[in-house]
Amino acid sequence: MTDAGTWDIPRLSMLFPESIIAHILAIKCPSPTDGNDMCVWRWTPKHTFELKSAYFALSGSRWSEERAIWSVIWNLKVPQRVRLFLWIAYKQRLMTNDERCRRNLSADPSCLECSNPHEMVLHVLRDCHCSRRLWLHFLPASLTHSFFSLNLQNWISCNLSTSFLHPQWNMPWCFLFASLTWQLWKRRNDVVFHNSILSDAAIISCSLAWAKHYSDNAMLSAKSPPLPQPETLVRDAPELGWACLNVDGAVSVPLNAGKIGGLIRSKDGDWVVGFVKAIGHSDALQAELWALFEGMSLAWEYGFYSLLVRSDCKQAVELVNSPLAGSSVLSLVRAIYRLRQKNWATRVIWISRDDNRCADALAKLANSSDFSLHVYNSPPLELDMLLCKD
Ligand SMILES: [Zn+2]
């Protein structure tokens, strides 16, 4: 560290490669007032334990292969019962006669309709003569090729993941597929339990109607406008004598290079100072906290007595406003807490992203490999339009 209490980048560069330095720089330099070291949970941004994060940390990359179909089925815009049905079918857990036999619930594994010796999932949903007949009615020529030869898992995943639009009914194939498999399973149960058989025509029209309903709903939810944001008063100027600081952090994927920016304006909206800085390898919350810390440090240096701070990160605002901020596991939160204890008044509030565009634009202006604080004494050109609007 330098005498000023910041990382000594030239000396770190003599010891470590750039990729490691990016990780070091994102950590706040320790200071004598930091208190004792403590154990934290590394798998969440807030460093507090959550079961979900432990689960993901443990399962790690072992999930990847299964995950593809997992998300395809559970993200499908069909009713939950149909998703559940598809998932159970995919897992080969539907209670077909073969499965019931395997579980010692029955002595006869055969198909009631065609006397096939094993009524398996794929037999009910695709290969039994009635199912086959119905599929042939729906199948477009381009999908017929491998449809009847795939194994169960590939059959379900291929047909649900395709983006193919059925030319005749003008809807995504996945909805027709989900709808007909579901109707075929219901039909099979009607035969087994109620001894009643729906005609092919009835099943076709029912499957089509439901598929159209799914597809229309999916279109509708894709088009629906975002929920209105709650009205806030933040567009108002700060009270008399208060300066206003807007801050924002940005993290670019996949390198997780964090950048921050912010601006201080007087009560009348006049530019006082702006800043940008790269902070190294970080997550979104860390970047937002860095932006708060650097912005407030700068404001303190400028000698403001009353500072209104605006951030569009709810989590960060909650953390620094928490009564426990002084003993937070995050060193940046503790540092911000100590800064706020100085002889001045600060208020940290949340604003929407739309109201924070200037700070956002500044954060994006930073050069991700330049880790020193750049100060703008007059607004950069790129901000002209946004400032006027704001
Ligand atoms: Zn059969």
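In the predicted model, the count of aromatic ring pairs comes to 16. One of these joins Trp290 and Phe293, whose ring centres lie 6.0 Å apart with the planes at 75°; because planes over 60 degrees apart count as edge-to-face, the pair is classed as edge-to-face. Helix H13 (residues 284-301) holds both Trp290 and Phe293, which are 3 residues apart, about one turn of the helix. Trp290 and Phe293 are both buried.

Ring pairs also link a cluster made up of Trp135, Phe147, Phe148, Trp155, Trp173 and Phe177. Within this cluster, the ring of Phe148 has the charged end of Arg132 over it, at 4.2 Å from the ring centre. A charge is likewise placed over the ring of Trp350, where the charged end of Lys314 sits 4.1 Å from the centre.

The strands E7-E6-E3-E4-E5-E8, in that order, form an open sheet of 6 strands with mixed pairing. Strand E7 (345-350) and strand E8 (374-376) are the edge strands, each pairing on one side only. From one strand to the next, the twist averages 20°. Strand E6 (residues 306-311) and E7 run parallel and are joined by 6 bridges. Arg310 stands opposite Ile349 in E7. Helix H14 (residues 314-321) lies across E6 and E7 and runs at about 145° to E7.

Residues 246-366 are listed by UniProt, in an unreviewed entry, as "domain: RNase H type-1". In the model, this span is 37% helix and 32% strand, and its end C-alpha atoms lie 16 Å apart.

Key
Residues numbered from 1 in each chain as written. Predicted model: local features only at pLDDT ≥ 70, side-chain atom pairs only at ≥ 80, totals over all residues. Heavy atoms only, no water. UniProt positions renumbered as here; feature names shortened; annotations may be inferred. Helix = DSSP H or I, 4+ residues; strand = E, 2+ residues; numbered from the N terminus. Phe/Tyr/Trp six-rings, centres within 6.5 Å; stacked < 30°, edge-to-face > 60°. Buried < 20%, exposed > 50% of the residue type's maximum accessible area, 1.4 Å probe, protein only. Lys NZ or Arg CZ within 6 Å of the ring centre and 35° of its normal. Pairing = 2+ DSSP bridges. Axes fitted to C-alpha atoms, helices over the stretch in contact; angles between N-to-C directions. Contact = heavy atoms within 4.5 Å.
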